[in-house]
Amino acid sequence: MQVQTGLDRLLEHGMEPLAGHRVGVVCNQATIASDYRHILDHLLPHHQNGTFEIARVFGPQHGIWGHTQDNMIEWEGYIDPVTGLNFVSLYGEHREPTEAMLEGIDLMIIDVPDIGSRYYTFIWTTALCLKACRAHDIPVVILDRPNPIGGTQVEGTMLARELDSFVGLYPIPTRHGMTLGEAARYLARTEFAGVELDVVTCLGWSRGQYYDRTGLPWVMPSPNMPTVDTAVVYPGMCLIEGTQLSEGRGTTRPFEIFGASYLRGRELADALNGLGLPGVHYRPVTFQPTFHKFANEVCEGVFIHVTDRSAFEPVLSGIACIQEVIRQAGGSFQWRPAPYEYVWDREPIDILAGQLWVKQAIEDLTPISDIRERMRAETGTFHSDWAETLLYPA
């Protein structure tokens, strides 16, 4: 049976919960139903006939239509010429909805596709909407979607509060194992007590399912997330953004490819494969990014082939990749300087890793097994809280 998203289930019931409301909608280009039609295409006729009013449409990072690249400050607002609706960015001067943005809204609908990793900013757009809506007594409804990389595995570090940023505002693991609806429930309980929250759950999804096993259409949730395979490696390979290595932006397979102009791909692949990390094979590649780091330069590196998703540890893999580059390249390797996500007073690798010890462990070439044990100790403290928020069976 094909999985139904929260949006599919809302449509199945004729959108009755929205009747008579002035609605805010948080969405992007990937917010589609199983018929491939965008949420606004489904809602607009009801807005036009007066069943309910779409007061404002909010877009997360990359814009409502997913057209801007990473770390680009976006427009504050405009009237969309196609729908006639008021579009507002939550990745511009304001990331938390202001009182003016919420004026006239009596129900907030949030349907954005998270990909299961703390760095991905849509979960923090959701968190700031919960915060603002609690302050203004506006109920929030999450239209839930499957976690594209499944909901059974938790990995990485727990974010230290002093390293909060828009790639991690509140303490959750790097790979958090929750759907957006579950994450919202967790944050409502731990950070935003009193917010009125309802989750329209998916139907037919089990925690072990990856997105390409759900029967649902995949739409790129952001410009550099082209496939489910990209999402699988992302919890580890986003750490490359904290370095001057190319994470494959400017190629057709970002995050699955990484490297630099000064590396020797075959030696790097041999070294990584020699670690015996589970569920993964590293293949040497030569690539030439069309933009971003090393634009138009020939680079060598590796392509990450995940051979067993259930065994693969993406965060550990990402750390191992950086360590092996340091072993091979020595002084040529550099960490990326600030700013990152408009944070000037902390190093990018620290806010991505979520703990200060990670950078030191990488530089010290701490054995991967020791790093694994330390991360498991951190995420172990999360499991009891995590279990209380879950909405779907294993």
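Is E53 buried, partly exposed or exposed? Hold that thought for a moment while I introduce the structure, everyone. What we have on the screen is a predicted model, and I'd like to walk through its charged pairs, its nonpolar cores, its cysteines and one helix.

Back to the opening question. E53 is partly exposed, at a relative accessible area of 32%. Its salt-bridge partner is R22, with 3.0 Å between the closest N and O atoms. R22 is partly exposed as well, with a relative accessible area of 33%. What I like about this pair is where the two residues sit. R22 belongs to strand β1, residues 22–26, while E53 belongs to strand β2, residues 53–59. They are 31 residues apart, and the pair links distant parts of the chain.

How many salt bridges does the structure hold? The count is 22. As a reminder, side chains of opposite charge can pair when their charged atoms come close. Let me pick out two more examples. One joins R249 and E247, at 2.9 Å from N to O. Here both partners are buried: R249 has a relative accessible area of 6%, and E247 comes in at 1%. There is also a network, in which salt bridges with shared partners connect D212, R213, D229, R253, E256 and R309. Within that network, D212 and R213 meet at 3.2 Å, N to O. D212 is partly exposed, with a relative accessible area of 35%, whereas R213 counts as exposed at 57%.

Now to the nonpolar side of things. In soluble globular proteins, nonpolar side chains tend to be buried together. In this model the largest nonpolar core has 108 residues. Which of them touch the most other members? Those are F58, M108, I110, W124, F258, Y282 and I319. Let's zoom in on W124. Setting aside neighbours within four places in sequence, W124 is in contact with R118, F166, V167, G168, L169, Y170, I172 and L187. There is a second core too, separate from the largest one, with 23 residues. Its members include L7, I39, F52 and L143.

On to the cysteines. A disulfide is a covalent bond between the sulfur atoms of two cysteines. The number of disulfides in this structure is zero. Take C27: the nearest cysteine sulfur belongs to C129 and lies 11 Å away. C27 counts as buried, at 0% relative accessibility. For C202, the nearest cysteine sulfur is that of C27, 17 Å away. C202 is buried too, with a relative accessible area of 6%.

Last stop: helix α7, residues 265–273. Which residues of α7 are buried? They are G265, L268, A269 and L272. These four cover an arc of only 95° around the axis, so they lie on the same side of α7. The spacing is a familiar one: an α-helix has 3.6 residues a turn, so residues three or four places apart point the same way. On the face turned away from the buried side, α7 carries the exposed residues R266 and D270. And what covers the buried residues of α7? The cover includes three strands, β10 (257–260), β11 (280–287) and β12 (299–306), along with helix α8 (314–329).

That's my tour. Thanks for listening, and I'm happy to go back to any of these spots on the screen.

Notes:
Residues are numbered from 1 along each chain as its sequence is written. This is a predicted model: local features need pLDDT of at least 70, side-chain atom pairs count only at pLDDT 80 or more; totals for chains, interfaces and linings use all residues. Side-chain values use heavy atoms; hydrogens and water are left out. A salt bridge is a side-chain nitrogen of Lys or Arg within 4 Å of a carboxyl oxygen of Asp or Glu. Helices (H or I, at least four residues) and strands (E, at least two) are DSSP runs, numbered from the N terminus. Buried means under 20% relative accessible area, exposed over 50%, partly exposed in between (1.4 Å probe, protein chains only). A nonpolar core is a set of buried Ala, Val, Leu, Ile, Met, Phe, Trp, Tyr and Cys residues joined through side-chain atoms within 4.5 Å. Contact means heavy atoms within 4.5 Å. A disulfide is a pair of cysteine sulfur atoms within 2.5 Å. The arc is that of the directions from the helix axis to the C-beta atoms.
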